Amino acid sequence: MICVIGILLNVLAKQLNGGKMPVHDLSEPGMAIMLDDQHSFSYDPVLLFIGDWIPIETKSTDNLFVSYLARIISFPIGKSILASPGDVLMWISSTLGMFLSLSLIIILTQNATIKKLPD
């Protein structure tokens, strides 16, 4: 459900901004913001909350497990980006879903009984 809300927020932001995700430059001076064809700067206060405005800066890691998990949920590692509330909700939902699924698998495999086949 959390993921659906995140997706709907992102779709709403794009629909209200002519098909492009609104980006609000609230970054520190000197931080370069590169826009692709799916994003555009917007100064519309209506779009301020649901557009990309949350600064996220992550360090790269040599930990393969962390890198693998970040790729699964499409979380940027070693990058500075602006994210939307919808992006954050989707990351939270993906992370929770992944860990709940792993927990369920662990619980089910621990409770499984192994029967020895007759010789």
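This dialogue explains how to read several features of the structure shown above.

Visitor: What kind of model is this, and how are residues numbered?

Guide: The model is predicted; local features need pLDDT of at least 70, side-chain atom pairs count only at pLDDT 80 or more, and totals for chains, interfaces and linings use all residues. Residues are numbered from 1 along each chain as its sequence is written, and side-chain values use heavy atoms, with hydrogens and water left out.

Visitor: Which pattern does the chain follow along the sequence?

Guide: Helices (H or I, at least four residues) and strands (E, at least two) are DSSP runs, numbered from the N terminus. Here the chain has three helices and four strands, in the pattern α-β-β-β-α-β-α.

Visitor: Is Asn10 buried or exposed?

Guide: Buried means under 20% relative accessible area, exposed over 50%, and partly exposed in between (1.4 Å probe, protein chains only). Asn10, which lies in helix H1, is buried because its relative accessible area is 11%. Of the 119 residues of the chain, 27% count as buried.

Visitor: Which residues does Asn10 touch?

Guide: Contact means heavy atoms within 4.5 Å. Leaving aside residues up to four places away in sequence, Asn10 touches Met21, Ser84, Gly86, Asp87 and Met90. For the chain, among contacts between residues at least 6 apart in sequence, 56% join residues at least 24 apart.

Visitor: How is a pair of aromatic rings described?

Guide: The distance of the centres and the angle of the planes describe such a pair. Rings of Phe, Tyr and Trp (its six-membered ring) pair if their centres lie within 6.5 Å; planes under 30 degrees apart count as stacked, over 60 as edge-to-face and the rest as tilted. By this rule there is one aromatic pair. The ring centres of Phe75 and Trp91 are 4.9 Å apart and their planes stand at 75 degrees, so the pair is edge-to-face. Phe75 is in the loop between helix H2 (64-72) and strand E4 (80-83), while Trp91 is in helix H3 (residues 85-111), 16 residues apart.

Visitor: What is the relative accessibility of Phe75, and what is the relative accessible area of Trp91?

Guide: Phe75 counts as partly exposed because its relative accessibility is 27%. Trp91 has a relative accessible area of 12% and is therefore buried.

Visitor: What does the chain expose, and how much of it do carbon and sulfur atoms supply?

Guide: Accessible areas come from the Shrake-Rupley method with a 1.4 Å probe; for residues, only the protein chains shown count as cover. The chain exposes about 8,800 Å², of which carbon and sulfur atoms supply 66%.
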